Amino acid sequence: MRWDHLGTTPPAPADAALFGADAVTTRTFDTPEFRGVTFHEIRARSILNRVPGASRMPFEWTVNPYRGCTHACVYCFARRSHAHLDLDTGLGFDSQIVVKVNAAELLARQLASPRWQGAHIAMGTNVDCYQRAEGRYRLMPGILTALLDRANPFSLLTKGTLVLRDLDLLVRAAEVTEVDVSVSVGFTDEELWRTLEPGTPAPRRRLDVVRALGEHGIGCAVLMAPVVPFLGDSPEQLRATVRAVAAAGAVSVTPLVLHLRPGAREWFTAWLARHHPHLVGRYERLYAGGAYAPTWYQRRITRQVHELAAEFGIGPAHRDGPRRIPHPSPAPAGGPEQLTLL
């Protein structure tokens with residue numbers, strides 16, 4: 001997908017597709033949290049994305065209101081998507097943020113289409129929809145409202161604490177449809193966090209999100225991702241992370257070993273050479289077969305995490321029906337009838 005295809009006007013005849021598109025408004029904000037960040041506001045033509053049939057993902061549809069991410073996770077697999085827009089996959093991915101300002105209205109219109117069958121929609125699967133930009137653009141309340149109005153099932157994956165701002169909408173949605181929320185916490189090592197995920201909230205703050213959601217009746221899973229070979233995979237580190245996840249009240253924990261796709265691989269390798277040069281050769285050997293660590297290594301990590309999860313009283317992620325909040329008791333006879341969306 002090229003940049004021009006995101007806009008509402010025909011492609012501009014220029015080599016720099018990004019800045020030649022009339023549908024793009026470029027902004028910067030003189031505030032500490034957005035210093036050095038450029039936002040490219042666009043009016044997208046579509047917001048529902050069908051996942052390719054060959055994908056490993058357990059869902060068919062996604063919504064991504066942003067492209068690029070100020071979380072700046074060195075390993076982020078979505079970095080390659082910036083190359084499709086002629087943008088840099090390194091610092092450019094961290095600081096050139098595409099904002100689909102009409103995401104909520106588009107989604108409401110697409111969900112209202114007779115052709116839409118109410119399939120599950122996943123969010124946060126490409127870049128985080130609760131990254132810092134969401135604090136300014138506030139796209140998610142409209143998106144969640146559109147899903148709530150149609151009682152459309154959805155899931156959220158985030159590293160952002162800003163999701164708690166929309167807690168009321170999540171609670172209301174969970175009363176009428178399936179709502180799955182997962183928080184990504186791959187490790188609790190703060191030194192590793194500061195260099196590997198510099199734009200994210202600290203792991204302990206993310207676990208506070210897990211706790212808060214649970215206290216409001218929304219069971220929250222933890223995606224233990226990524227488990228970073230040789231830096232975050234020792235038995236002591238895995239134990240500390242799973243213990244913290246359990247203490248936060250997570251309903252499940254699922255480990256995912258670091259994978260290094262093109263775009264992310266080059267950026268991560270450069271980071272590794274700066275911070276841990278003695279590990280470069282070990283990574284080259286471990287990932288010699290491609291983007292994923294060897295099966296034996298993935299199985300070892302999965303087994304260790306599942307054993308720890310059982311020890312601390314939580315299990316691997318599983319889907320066992322809608323995660324809904326119980327409705328209040330029916331009103332007394334003669335009272336007003338409570339209508340639902342189902």
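Is Thr-158 buried or exposed? At 2% relative accessibility, Thr-158 counts as buried. This is a predicted model, and the average pLDDT of the protein is 87. Its sheet of seven strands is open, with mixed pairing.

**Confidence in the model**

- Of the residues, 84% have a pLDDT of at least 70.
- Residues 1-21 have a pLDDT below 50, and this stretch has 49 contacts in the model beyond near neighbours in sequence.
- Residues 318-342 also stay under 50 in pLDDT, and the model gives them 30 contacts beyond four places in sequence.
- Where pLDDT is low, the predicted coordinates should not be read in detail.

**The sheet**

- The strands follow the order S3-S4-S7-S8-S9-S10-S11.
- Strand S3 (48-50) and strand S11 (252-257) are the edges of the sheet. Each has a single partner strand, so one side of each is left without a neighbour in the sheet.
- From one strand to the next, the twist averages 25 degrees.
- Strands of a sheet pair through backbone hydrogen bonds, either parallel or antiparallel.
- S3 pairs with strand S4 (residues 61-63) in the antiparallel sense, over three bridges.
- Arg-50 stands opposite Trp-61, a residue in S4.

**Thr-158 and its surroundings**

- Thr-158 belongs to strand S8, which covers residues 154-158.
- Thr-158 counts as buried because its relative accessibility of 2% is under the 20% cut-off.
- Beyond four places in sequence, the contacts of Thr-158 are Asp-128, Tyr-130, Val-163, Ser-182, Val-183 and Ser-184.

**Helices lying across the sheet**

- Helix H9 (residues 203-215) lies across two strands, S9 (179-184) and S10 (220-227). The helix runs at about 155 degrees to S9.
- Helix H13 (residues 295-312) lies across S10 and S11, and its direction is at about 160 degrees to S11.

**Cysteines**

- A disulfide is a covalent bond between the sulfur atoms of two cysteines.
- How many disulfides does a search of the whole structure find? The search finds zero.
- Cys-73 is in no disulfide, and the nearest cysteine sulfur, that of Cys-76, is 6.3 Å away. A disulfide needs the two sulfur atoms within 2.5 Å, so the distance of 6.3 Å does not qualify.
- Cys-73 is buried, with 6% relative accessible area.
- Cys-220 is buried too, at a relative accessible area of 1%.

Note on methods
Residues numbered from 1 in each chain as written. Predicted model: local features only at pLDDT ≥ 70, side-chain atom pairs only at ≥ 80, totals over all residues. Heavy atoms only, no water. Buried < 20%, exposed > 50% of the residue type's maximum accessible area, 1.4 Å probe, protein only. pLDDT = per-residue confidence, 0-100. Contact = heavy atoms within 4.5 Å. Helix = DSSP H or I, 4+ residues; strand = E, 2+ residues; numbered from the N terminus. Pairing = 2+ DSSP bridges. Axes fitted to C-alpha atoms, helices over the stretch in contact; angles between N-to-C directions.
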